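Here is a short briefing to read beside the structure. Keep the 3D view open and find each residue as it comes up.

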Amino acid sequence: MAGLFSKLTKSAVEPEQEVPEPAPLKPISASDLQRRVELLDSLESAGLGWFWASDSKGRLIYLSEAATQKLGLEEGQSAVGMPLSELFLPDNDQAAESSERPLKFVLAARNSITPMTVRLAGTQGEVWWEIAAKPQFDENDHFTGYRGSAKDISATHESRRDAEKLSKFDSLTGLSNRYRMTKQLTSTLTAFRSAKRSVALMMLDLDRFKQVNDTMGHPAGDELLKQVAARLKRLIGDRGEIGRLGGDEFQVILPDIDDRGVLGDLGQRVIQMLSQPYSINGMRAVIGSSMGIAIAPYDGIDADELVKAADLALYSAKGEGRGQYRFYSSDLKEGVKHRHRIEEDLRDAIAKNELQMHYQPIVTAEKHTVECMEALMRWEHSDRGMISPGDFIPVAEDVGIIRELGEWALLEVCNQVKLWPKSVRAAVNVSAVQFASDDFVKVVRGALQTSGVNPAQIELEITESVFVGDLDRTFRLFRELKELGVKLALDDFGTGYSSLSYLRDAPFDKIKIDQSFVRGCSADDNNNAAIIAAIVSLAEALDMETVAEGVENKDELAMVQKRGASHLQGILFSRAVPAQEVLDRFERGAFEYEPLGPEKYRPDRRTEFRRIGLIHDDHRYKVMLRNLSKTGAKIEGLLDVPLGTQVVLDFGGGQLAVATVKRSEGFSQGVEFETPLINDGADGLCTRHRVSPYQIEAVGRPLTSLGNDAYAALAGNVKGASKAFIEVDISGTAGVAA
Ligand code: C2E
Ligand code: MG
Ligand code: MG
């Protein structure tokens, strides 16, 4: 073996060349101070790492020369002597997020400094160091100061910080992103829970954003989102945190607001502000916005539950015609099911012959003679009864069958009108989605030709939302439609975004003044009458007719007539009636309508018919709510309640209203609320405040969001209190007029 080994060894060194002598090894021994200092010096000057030291008072006593140069000190100035806490400043961005103890505390506690990012004081531009150090102690265990190292990480720090920001902030708008909002909401809710504080959450979604994106291009869409973010920031200010969750979805977290009056006002202002026109690269864009509002702990305890509640409220706000806010309430879940059913069934509605056109007269202001009938779609669902177009038209637009519905409606109306006298036209509503489809003019032409109707007897009602996006196309379409011989009307004027200059150039024959201006136009607390007068004089100048929509009572009639509207429409004259009824009337030669209806407008008074709770002396009665206004209600079901009796009405979902009996007659009482109700955003009323789940928790129940029987949960312990009044069953009197 030895032979083989020596042979191998030999052959390995075989080449005949000179083997160089290895340089003698000169290790730096611990005692060779001179060479150790040289080593450290070269390390310092190469910028690979620097050293620093402080004394027991935390003042700098040494800093590598190369590092000192980084400080950008003035001539004659020295870093030596500076307190560490003034030299090394905390990274504020990181401090807010991390659980690390700030340097100040570490120094005070004389703990080791594990690698930590600090900003250097007094430097030009931002200089970032990573420092680490160990505390030093003398033989008596007395602290003598720190010895530490440092290195410059400015270059990597900036990019890391940008990346971190990106993961928390939306790069387009600079608002918080979904990740950060969720974290923020979760931590706020957790922190607030023990202090029994509330948090409101707004979910926002832009209406018609897709239309802007599609017609004006994605860069325009991006610009629009930025402007939306800026408007939100201006309005919300430091009241809350705003985020963009993605797409056109925004969220606002508002700590310590649970007054639904305040939230509703804020919601309304946000929606109004976002609905003002935007200018994007010289083009105009108009969008709307819908909002859902949920409040912790009432509508949800944890982030997940609260977000779901706000989402549901948003969904319902969108379903109800958009441009609205909506508070969450537990019965919205029913609404979702309802909408899904509508979506499914609507596809078959035409085939199943469930759609009909009804007609509502538009009469002259002078003699109330009918000149036009507005065709309004009705859907009679086999087992749900009549479904209102306000409920199904937006769904049809969303699921994309509005074009089919519209095409069907046009032909149906054209065929009807052929049977009418020449003096009466029919007006057909056109959805903006329908108007945007490429074949719209062709569809109209087709219906006119197929039916053979006189085009002058057909009017198209178009809403202001067509003035969005490609205006050249809009005006071209107007011209083509006019060439077909039909008339054009601008529907719901004043609710949207008409610029007066568009109105001047568009060939409308008629402007329909939206019912919101007619409603209550005789009351003193609004300037509706003045607005109507202004629209009328504008229309006259442009040689257009005006229709006041939604005239319900004689008060309003007198006012719109006085303000000069040339035509009138509303249930004061007639509701929309089936086609056959129209024909019968025309055959009788009855072209004039008589105004039939109430004299006066009753602000906010709604007819109701639902069961609610009434609490008196700790006993809870069931009564029937017959009408409701912001300030009071009419109830039925208790016999002979004395005037002045204090009661609490329980509207469900923790909504309690303290009220006093002001009128009492047999089983019917009129009560007045101590605090007025507010709008719930969905055409209904609600209480400002609700029973708080924290109150329910305080009587020994678990903390949960409010159910419908929140009061029962609160008052579980007063069951069996004595009854002061006799209850009468009036459920059989549903047909009696209130
Ligand atoms: P619109 O075009 O503004 O129609 C007027 C609405 O006001 C109708 O509601 C009508 O019944 C209602 N109305 C009339 N007089 C009064 C009144 O005195 N008081 C009150 N409170 N309301 C009154 P309707 O029939 O529920 O239709 C709602 C909306 O649905 C229409 O608003 C229209 O935008 C849309 N729509 C209806 N039919 C069609 C259709 O065939 N195609 C399209 N695309 N949309 C339709
Ligand atoms: Mg209309
Ligand atoms: Mg209208």
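## Backbone oddities

Asn-281 sits in the loop between strand S10 (278–280) and strand S11 (283–285). Asn-281 is not a glycine, yet its phi is positive, at about 45 degrees. Keep in mind that this is a predicted model. The points below cover one more backbone feature, then the metal ions, the strands and the helix pairs.

- A cis peptide bond links Ala-296 to Pro-297. Its omega is about 0 degrees.
- Pro-297 belongs to the loop between strand S12 (288–296) and helix H12 (303–319).

**Magnesium ions**

- Which residues are the protein donors of the magnesium ion (ligand 2)? They are Glu-374 (OE), Asn-429 (OD1), Glu-461 (OE) and Asp-491 (OD). These donors lie 2.0 to 2.2 Å from the ion.
- Along the sequence, the donor residues of ligand 2 follow the spacing E-x54-N-x31-E-x29-D.
- Two of these donors link distant parts of the chain. Asn-429 is in strand S17 (residues 425–430), and Glu-461 is in strand S18 (residues 458–463). They are 32 residues apart.
- The magnesium ion (ligand 3) is coordinated by Asp-491 (OD), Asp-492 (OD) and Glu-549, which is listed twice with OE. The distances run from 2.0 to 2.7 Å.
- For ligand 3, the donor residues are spaced D-D-x56-E in sequence.
- Here too, distant parts of the chain are linked. Asp-491 lies in strand S19 (residues 487–493). Glu-549 lies in the loop between strand S21 (545–548) and helix H22 (554–562). The pair is 58 residues apart.
- Which residue bridges the magnesium ion (ligand 2) and the magnesium ion (ligand 3)? Asp-491 does. The two ions lie 3.8 Å apart.

**Strands and the barrel**

- Strands of a sheet pair through backbone hydrogen bonds, and the pairing can be parallel or antiparallel.
- In this model, 6 strands close into a barrel. Trace them in the order S24-S25-S26-S30-S29-S28. The pairing is antiparallel.
- On average, neighbouring strands of this sheet are turned by 45 degrees against each other, direction ignored.
- Look at one pair in the barrel: strand S29 (residues 656–665) and strand S30 (residues 668–673) are antiparallel and joined by 6 bridges. Ser-664 has Gln-669 in S30 as its bridge partner.
- Strand S3 (residues 88–90) pairs with strand S4 (residues 113–120) over 3 bridges, in the antiparallel sense. Phe-88 stands opposite Leu-120 in S4.
- S4 also pairs with strand S5 (residues 128–137). This pairing is antiparallel and has 5 bridges. Thr-117 stands opposite Glu-130 in S5.

**Helix H9 with helix H10**

- Helix H9 (residues 209–216) packs against helix H10 (residues 218–236) at an angle of about 140 degrees. Their axes are 6 Å apart.
- This angle makes H9 oblique to H10.
- From H9, the contact uses Phe-209, Val-212, Asn-213 and Met-216. From H10, it uses His-218, Ala-220, Gly-221, Leu-224 and Leu-225.
- By class, this contact has 6 nonpolar, 3 polar and no charged residues.

**Helix H13 with helix H14**

- The axes of helix H13 (residues 332–349) and helix H14 (residues 389–399) come within 10 Å. They cross at roughly 70 degrees.
- Angles of 65 to 115 degrees count as roughly perpendicular, so H13 and H14 are roughly perpendicular to each other.
- The crossing of H13 past H14 is right-handed.
- H13 contributes His-338, Arg-339, Ile-342, Glu-343, Leu-346 and Arg-347 to the contact. H14 contributes Asp-391, Phe-392, Val-395, Ala-396, Asp-398 and Val-399.
- Sorted by class, the contact has 6 nonpolar, 1 polar and 5 charged residues.

**Helix H17 with helix H18**

- Are helix H17 and helix H18 roughly parallel or roughly perpendicular? The axes of H17 (residues 440–451) and H18 (residues 471–484) cross at roughly 10 degrees. The two helices are therefore roughly parallel.
- Their axes come within 10 Å.
- The H17 side of the contact is Phe-440, Val-441, Val-444, Arg-445 and Leu-448. The H18 side is Leu-477, Glu-480, Leu-481 and Leu-484.
- This contact has 7 nonpolar, no polar and 2 charged residues.

Notes. Residues are numbered from 1 along each chain as its sequence is written. Chains are lettered from A and ligands numbered from 1 in the order in which they are written. This is a predicted model: local features need pLDDT of at least 70, side-chain atom pairs count only at pLDDT 80 or more; totals for chains, interfaces and linings use all residues. Side-chain values use heavy atoms; hydrogens and water are left out. Two strands pair if DSSP finds at least two bridges between them. Helices (H or I, at least four residues) and strands (E, at least two) are DSSP runs, numbered from the N terminus. Axes are lines fitted to C-alpha atoms, for helices over the stretch in contact, and angles run from 0 to 180 degrees between N-to-C directions. Angles under 35 degrees count as roughly parallel, over 145 as roughly antiparallel, 65 to 115 as roughly perpendicular and the rest as oblique. A crossing is left-handed if the near helix is turned anticlockwise from the far one by less than a right angle, and right-handed if clockwise. Contact means heavy atoms within 4.5 Å. Ala, Val, Leu, Ile, Met, Phe, Trp, Tyr, Cys and Pro count as nonpolar, Asp, Glu, Lys and Arg as charged, and the others, Gly among them, as polar. Donors are N, O and S atoms within 2.8 Å of the metal (3.2 Å for Na, K and Ca); water is not among the atoms, so sites may look incomplete.
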